Amino acid sequence: MQDDARYLKRKVTAGSLDVHPTEKALVVHYEVEASILGEGGGHVLGERKEGQKIIRVKSLSPSTDVGALARKVVEECKLIPSSRLPQVEQLLYYLQNRKSSPVEGKMEKKEKRTAKPRELTPFEGMELNEEASITRVDEYIELLYEGIPEKIRGSALILQLARNPDNLEELLHNEAALGALARVLREDWKQSVELATIIIYIFFCFSSFAQFHGVLAPENGSLRRDQDKAVRKYHGLLSKQEQLLRVSLYLLLNLAEDTRTELKMRNKNIVGLLVKVLERDDEELLVLVVSFLKKLSIFLENKNDMAEVDTVERLARLVPCDHEDLLNLTLRLLLNLSFDSGLRAKMVEVGLLPKLTALLGDENNRQVAMRILYHISIDDRFKGMFVYTDCIPQLMQMLYEHGEEETEAELISICINLAANKRNAQIMCEGNGLKMLMKRALKMKDCLLMKMIRNISQHDGPTKSVFIDYVGDLAAEIRAEEEEEWVLECLGTLANLTIPDLDWELVLKEYNLVPYLKDRLKPGSAEDDLILEVVIMIGTVSMDDACAAMLAKSGIIPALIELLNAQQEDDEFVCQIVYVFYQMVFHQATRDVIIKDTQAPAYLIDLMHDKNAEIRKVCDNTLDIIAEYDEEWGRKIQSEKFRFHNNQWLEMVESRQADESEPYLYDNDNDRTDLFYSADGITPADGSVSPDFFNDLQPQNGDLLHTGDGNDVFDQTSSSPGRPATAYGFRPDEQPFYQYS
């Protein structure tokens, strides 16, 4: 092998470039690779060795031209390529401005002890508006050669990059970055705990992956010692800060007993300061802060301030927690905030709904958690989200466990709200759920529980058919001797059961309900809510042909017209009564009674142009059916439609010519105060409208279509309306509290 060795190849590769930790010198790292080649050029033997060269610049002073010196260093040191001239210049600039090395600065330490310490805020340098970019990493490295604030900013930007695993490999190959970070940590950790913490965090990002451990190994011993010192100093500082905060906040909390002082605190942004402290981990400090926020939250202005600084998001992490007092205080603060609809939405958004549901099993916090859940359940947007938790099964279990005891107000209230959602109602009826509810409600005469059942009964689909087994039980409760509130809920539940196969005639006869319904139609015979439910009940049972005929014979229709006159200013009464007429005109027996024996069609014509869209819709569909079966009323209905459209056109023309102050030719203010008609029931006495014009009208939705062959066809393009929705309890057009005359 010695005979074949002819050539020796030596290769020097430049490595990282850094400053000397104690002297005015640059340190150039390099690698020497020596290879012995055979005659054919093949590799026979090779060896690698790392080394470093120290370039001392003792002449460097504050007046030195750093650029010229850097060029001289690059020219004389063959290990430094010319492309690294900017880095050499930056390192020399750093050495020029470095006050002293750890050895040279012993005398300076005495002066530092008397200097005022800089106030530190942990990780303040990490709150940057600038988004870090891997392409600008060299700019961030340059910041590491400047003052402490710039070093904090530069290291924080590098930390942003290091927290993304995709950037770690590129940072690994940037020797200048790792070397500068190690040097700054070694030299400056005593001057800034914050800076040391950020750099250690950067190395921690590398340590999370085994393939990067080798990079950290050379610096492992010194870094670990520096890290331990920095962490101990940081925790000591943090402990002192928290102790100072506790004392200060206790003082402020006591002073806040005076509302004038509290107002001054509010003007100084006390809410924002307290919410920032919620990020701390000291439980005793958090108890104090949450107590303070709870006290402040009873005032609207403070509550609004809390909404602006993301208080709910900060509180969400405390639910649940092991500290019982802290958890209870946090829930009570959330309860105060949950009166605001926007903050309720925020609670759902940050995931508090399943957390609060889990607390229903905690005896100490169940009541507060349930009250917050009740407030969330008020909003229709969030009722459906309870399906994705185990809240409803827990509530049903609580109802079952109450036995014959009075149900808690919070428990039944949240159940009533949740039952208004279709999917929730289906879950409540699963298994023997509805059976348990009905049995308890009927036995205890519990009005609130029956209100929950009533909400369940309003949903179409399989849930409604489950109630067939309880129709008799509910009908048996419709008696004059029962309390009106109880009858109202039972009757409302029955009225919701729009089930096609149900024999309503048999139900009304067996339980003798017709006299009760007729008596309750008299104005003033009961509270308006109960009378309205009677009307809705009549509309429900009128879907049955035989039942509708039985009601017509009993004189229900005139009673409804009398009630319509008495309640003509109440849109919901009018809408539901008109819907009864709509149901009855489907059946031959009741249709003849309505058309020939009553003035119901005339009332419907007057309501055809009502301001309420729902009333207009039901009236139009009812009148279309009447016009199909009665020619005389058909002409009157068509005449009124023409008169209305004709006057609308005249108003439009005259409005362009007359001042706005002049009265319109036709008053369409929808006033239903008086319902009087001419002899023929519809044609105006002044003869201003001629029936000859009727044939020129374009057919409206639901009108008779004139085919020209003498056979008029009913326009079936409009679908039959469903039963108008009812807002029992109180209606939107009324005040929440009022007295009935």
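User: In which helix do K509 and E505 both lie?
Analyst: This is a predicted model, in which local features need pLDDT of at least 70, side-chain atom pairs count only at pLDDT 80 or more, and totals for chains, interfaces and linings use all residues. Residues are numbered from 1 along each chain as its sequence is written, and side-chain values use heavy atoms, with hydrogens and water left out. K509 forms a salt bridge (a side-chain nitrogen of Lys or Arg within 4 Å of a carboxyl oxygen of Asp or Glu) with E505, the closest N and O atoms being 3.1 Å apart. The two residues are four apart, about one turn of the helix (a DSSP run of H or I, at least four residues, numbered from the N terminus), and that helix is α29 (residues 504-510).

User: How many residues apart in sequence are the parts tied together by R246 and D282?
Analyst: R246 forms a salt bridge with D282, with the closest N and O atoms 3.2 Å apart. R246 lies in helix α10 (residues 220-255) and D282 in the loop between α12 and α13, so the pair ties together parts that are 36 residues apart.

User: Are E489 and R454 buried or exposed?
Analyst: E489 forms a salt bridge with R454, the closest N and O atoms being 3.1 Å apart. The pair links helix α28 (residues 484-495) to helix α25 (residues 447-457). By the cut-offs (buried under 20% relative accessible area, exposed over 50%, partly exposed in between; 1.4 Å probe, protein chains only), both E489 and R454 are buried.

User: Which residues of α12 are buried?
Analyst: Six of the eight residues of helix α12 (residues 270-277) are buried, so this helix is largely enclosed by the rest of the structure. The buried residues are I270, V271, G272, L274, V275 and V277.
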